[in-house]
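Hi everyone, thanks for making time. I'd like to walk you through some side-chain contacts today, so let me put the structure up.

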Amino acid sequence: MTLVIIVIVAVIVIVGIALIISYNRFVKQRNLIQESWRQIDVELHRRYDLIPNLVETVRAFAAHERHVFEEVARLRTQAVNVQGASPEQRAAAEGQLSGALRQMMISVEAYPQVQSNQNFLNLQRELTDTEDRIAAGRRFYNANVGDYNTRVESFPSNLIAGGFKFEKAGYFEVRDESVRAVPQVSFGTIGSVAGEQPPPQMQPGHQSSGQIQPQMPGQVGGPPAGPPGPQDGQPPFTGGQ
C-alpha cells in the first residue's frame, strides 16, 4: 500500500513539473514574440518619419505627380492609424504603403535631375536600409510565431495552451510578391518604355558564347530583328498595390 502511494505521489510530482515547464515555455515564447514585434514597430515608425521628407524632396522636382504623392501620404496615415490592430491588418496596410512607395520611385525615374540631389539620395538610402531591417525583423518574428503556434496546436502542450488561454499569434507578412521588394530607384534606362531604342544587334560574323545564330533564307547576316523586348532586370509593372 505504501509503495502504491509513493508511486502515485511521484507521478503527480512529475506531471506537475512537466506542467510548470510547459507553462513557462509558453510564457517565454510569448514574450519573445512581443519583443520581436517591438523591433519591427521601431523600424516601421522610422519609415513613417522618412516618408514625408522623401515626398517633399521629390515634389520639388516632380510637382505635377501630385496624385502619386497624395496616395503615399494617404496610405502612410492609414498605416499609422492601424498601429493597434492585429499583425495581419498591419501587414495589409504596410503592403499598400510599400506599393505606393514603389510607384513613386518608378515615377521619379523620369526626372534625371533627382540623381544630382544629394538629399534625395540620402533619404532613399535610409529608406532602403530601413526596409531591409523590417524584412529581417519580419522573418525573425514569423519564425517565433511559427514555433509558438505549433506548440499551441500540438499534443499534449495544447492542453496547457487551452487551460491557460494561450492563443495562436498572427503572422506579419506581405502576400503580394510585387511589394516584397525594397523600394529602390534605378537611375539609367527604363525598360519596356515606348520609344526606347532596342539593344544593339550582333554584327554578322560575331557570335556570343559560341552559339550559332540561325539564318533565314534570303537573309544576309544575323537573324531578323524583332520588336524590342523588356530589358533584363526590369520586371513588368502592373500598377501599385
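Let me begin with Arg-38, which is partly exposed because its relative accessibility is 46%. On that scale, buried means under 20% relative accessible area, exposed over 50%, and partly exposed in between, with a 1.4 Å probe and protein chains only. Before going on, a word on the source: this is a predicted model, where local features need pLDDT of at least 70 and side-chain atom pairs count only at pLDDT 80 or more, while totals for chains, interfaces and linings use all residues. Residues are numbered from 1 along each chain as its sequence is written, and side-chain values use heavy atoms, leaving out hydrogens and water.

So what does Arg-38 meet in a salt bridge? The partner is Glu-35, at 2.9 Å, N to O. By salt bridge I mean a side-chain nitrogen of Lys or Arg within 4 Å of a carboxyl oxygen of Asp or Glu. Both residues lie in helix α1, three residues apart, about one turn of the helix. Helices here are DSSP runs (H or I, at least four residues), numbered from the N terminus, and strands would be E runs of at least two. Glu-35 is partly exposed too, with a relative accessible area of 35%.

The structure holds 10 salt bridges, and a couple of them reach further along the chain. Asp-41 and Arg-90 meet at 3.2 Å, N to O. That pair links helix α1, home of Asp-41, with helix α3 (residues 87-108), home of Arg-90, across 49 residues. Is Arg-90 buried or exposed? Buried, because its relative accessible area is 0%.

Next comes Arg-46 with Glu-126, a salt bridge of 3.3 Å, N to O. Here helix α1 is linked to helix α4 (residues 118-153), and the two residues are 80 apart. Arg-46 is partly exposed at 36% relative accessible area, and Glu-126 at 32% is partly exposed as well. There is also a network: salt bridges with shared partners join Arg-47, Glu-94 and Glu-131.

Now to the rings. How many aromatic pairs does a search of the whole structure find? Six. Rings of Phe, Tyr and Trp (its six-membered ring) pair if their centres lie within 6.5 Å; planes under 30 degrees apart are stacked, over 60 edge-to-face, and the rest tilted. Tyr-23 and Phe-166 are edge-to-face because their planes are at 65°, with centres 5.5 Å apart. This pair spans 143 residues, from Tyr-23 in helix α1 to Phe-166 in the segment after α5 (157-163). Tyr-23 is partly exposed at 30%, whereas Phe-166 is buried at 5%.

Another edge-to-face pair is Trp-37 with Phe-172, 5.1 Å centre to centre and 80° between the planes. It links helix α1, where Trp-37 lies, to Phe-172 in the segment after α5, 135 residues apart. Both Trp-37 and Phe-172 are buried.

Back to Tyr-23 for a moment: ring pairs link Tyr-23, Phe-26, Tyr-148, Phe-164 and Phe-166 into a cluster. Within that cluster, Phe-26 has the charged end of Arg-151 over its ring, 4.0 Å from the centre. The criterion there is NZ of Lys or CZ of Arg within 6 Å of the ring centre and within 35 degrees of the ring normal.

That's my tour; happy to take questions.
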